[in-house]
Amino acid sequence: MKKAWKDPDLWVHWVISACGGFYGVYAVSLRGGTFGSAQTVNLIVLLLRLWQGDTAEVLRRLGALAVFSGILVLVYLLPQEKRRAARPFCVLAELAGVGLCGFLPAELDGLVALYPIFALSALQWGFFFQVRGFGCASIFSTNNLRQTVTAAAGLLLKREKGAAERLWVYGGTLLFYHTGVLYGILCVSLFTIKGIWGCALPLCLVLLLLQAEK
């Protein structure tokens, strides 16, 4: 446990997860209630609108899918051994995307305004998808919640080997993600659309942590 606490890579993952939570609350609260960090709702609504014959909305949803999928493909094409070294460039790209989002007008179609968030989320997921050997997403919480609950049950009820470390990794990620949500709520409540720029703070902290790893 003490060794995990001192692992700088774990801290990088935790803080980048706070950025994932920030993206989520920005999208849900200011851009029409769409969750910009995953495609589940987008695909469901896409099929619903296709059934209803809403061509314009289908095209916007397809655009969101294309942005998210395209970034995942670009990251996939980068050799595995080079991805870790390229993580600072990922964070710099996220900083640029956050800057762009703050300039998009409030009256812009909510889904179109989230295209940068779809891109940033896919980029982050491509570079920060694993820590300490665990597959652990930084952009949404469902599996992290499942892993946290089952790790706690395994530790408390079955004294399961490895459950403590799993609880530490996933529970910490869940905590930081929702700390990012709370911070995002504060920023968008105070500054509305430009509140997205508040995410620059944890992103810069990630850059410092990555530099400290070298």
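**Fold, charge pairs and backbone exceptions in the predicted chain**

T192 is partly exposed, with a relative accessible area of 44%, a value that falls between the 20% under which a residue counts as buried and the 50% over which it counts as exposed. As with every value reported here, this figure was computed from a predicted model. T192 is located in the loop between α10 (163–191) and α11 (200–213), and its backbone has a positive phi of about 50° although the residue is not a glycine. This deserves a remark, because most residues other than glycine have a negative phi. A second case is R132, which likewise is not a glycine and has a positive phi of about 50°. R132 is found in the loop between β1 and β2, where, with a relative accessible area of 28%, it is partly exposed.

The setting of these two loops becomes clearer from the fold as a whole. The chain is built from 11 helices and 2 strands, and their order along the sequence is α-α-α-α-α-α-α-α-β-β-α-α-α, so that, in this pattern, the strands β1 and β2 come between helix α8 and the helices that close the chain. For a chain of 214 residues, a compact globule would be expected to have a radius of gyration near 17 Å, and the 18 Å found for the chain agrees with that expectation. Along its principal axes, the C-alpha trace spans about 55 × 40 × 35 Å. Of the 214 residues, 46% count as buried, and the accessible surface of the chain comes to about 10900 Å², of which 71% belongs to carbon and sulfur atoms. When contacts with a sequence separation of 6 or more are considered, 76% of them are accounted for by residues 24 or more positions apart.

Charged side chains provide several examples of links between parts that are distant in sequence. The chain carries 19 positive and 11 negative side chains, and the centres of the two sets lie 8 Å apart. Side chains of opposite charge can pair when their charged atoms come close, and the structure holds 8 such salt bridges. One of them returns to R132, whose side chain meets that of D7 in a salt bridge with an N to O distance of 2.9 Å. Because D7 lies in the loop between α1 (2–5) and α2 (8–30), whereas R132 lies in the loop between β1 (130–131) and β2 (134–135), this pair ties together parts that are 125 residues apart in sequence. The two partners differ in their surroundings, since D7 is buried, with a relative accessible area of 16%, while R132, at 28%, counts as partly exposed.

A further salt bridge is formed between R84 and D9, whose closest N and O atoms are 3.5 Å apart. This pair also links distant parts of the chain, for R84 is in the loop between α5 (80–83) and α6 (87–101) and D9 is in helix α2, 75 residues apart. Here, too, the aspartate is buried, D9 having a relative accessible area of 12%, whereas R84, with 46%, is partly exposed.

In a third salt bridge, the side chains of D109 and R60 meet at an N to O distance of 3.6 Å. D109 is placed in the loop between α6 and α7 (110–113) and R60 in helix α4 (residues 55–77), so that this pair ties together parts that are 49 residues apart in sequence. Both partners are partly exposed, with relative accessible areas of 31% for D109 and 25% for R60. The pair does not stand alone, as E57, R60, R61 and D109 are linked in a network of salt bridges.

A buried aromatic residue, F128, offers another view of how separate segments meet. F128 is placed in the loop between α8 (115–127) and β1, and at 2% relative accessibility it counts as buried, because this value is under the 20% cut-off. If its neighbours within four places in sequence are left aside, F128 is in contact with V12, H13, I16, R87, C90, V91, C136 and S138. Among these partners, V12, H13 and I16 fall within the range of helix α2 (8–30), while R87, C90 and V91 fall within that of helix α6 (87–101). R84, the partner of D9 in the salt bridge described above, is 44 residues from F128 in sequence, yet the two C-alpha atoms are 8.8 Å apart in space.

How values were computed
Residues are numbered from 1 along each chain as its sequence is written. This is a predicted model: local features need pLDDT of at least 70, side-chain atom pairs count only at pLDDT 80 or more; totals for chains, interfaces and linings use all residues. Side-chain values use heavy atoms; hydrogens and water are left out. Helices (H or I, at least four residues) and strands (E, at least two) are DSSP runs, numbered from the N terminus. The radius of gyration is taken over C-alpha atoms; the globule rule is 2.2 Å times the number of residues to the power 0.38. Buried means under 20% relative accessible area, exposed over 50%, partly exposed in between (1.4 Å probe, protein chains only). Contact means heavy atoms within 4.5 Å. Accessible areas come from the Shrake-Rupley method with a 1.4 Å probe; for residues, only the protein chains shown count as cover. Lys and Arg count as positive and Asp and Glu as negative; His and the chain ends are not counted. The place of a charge is taken as NZ of Lys, CZ of Arg, CG of Asp or CD of Glu. A salt bridge is a side-chain nitrogen of Lys or Arg within 4 Å of a carboxyl oxygen of Asp or Glu.
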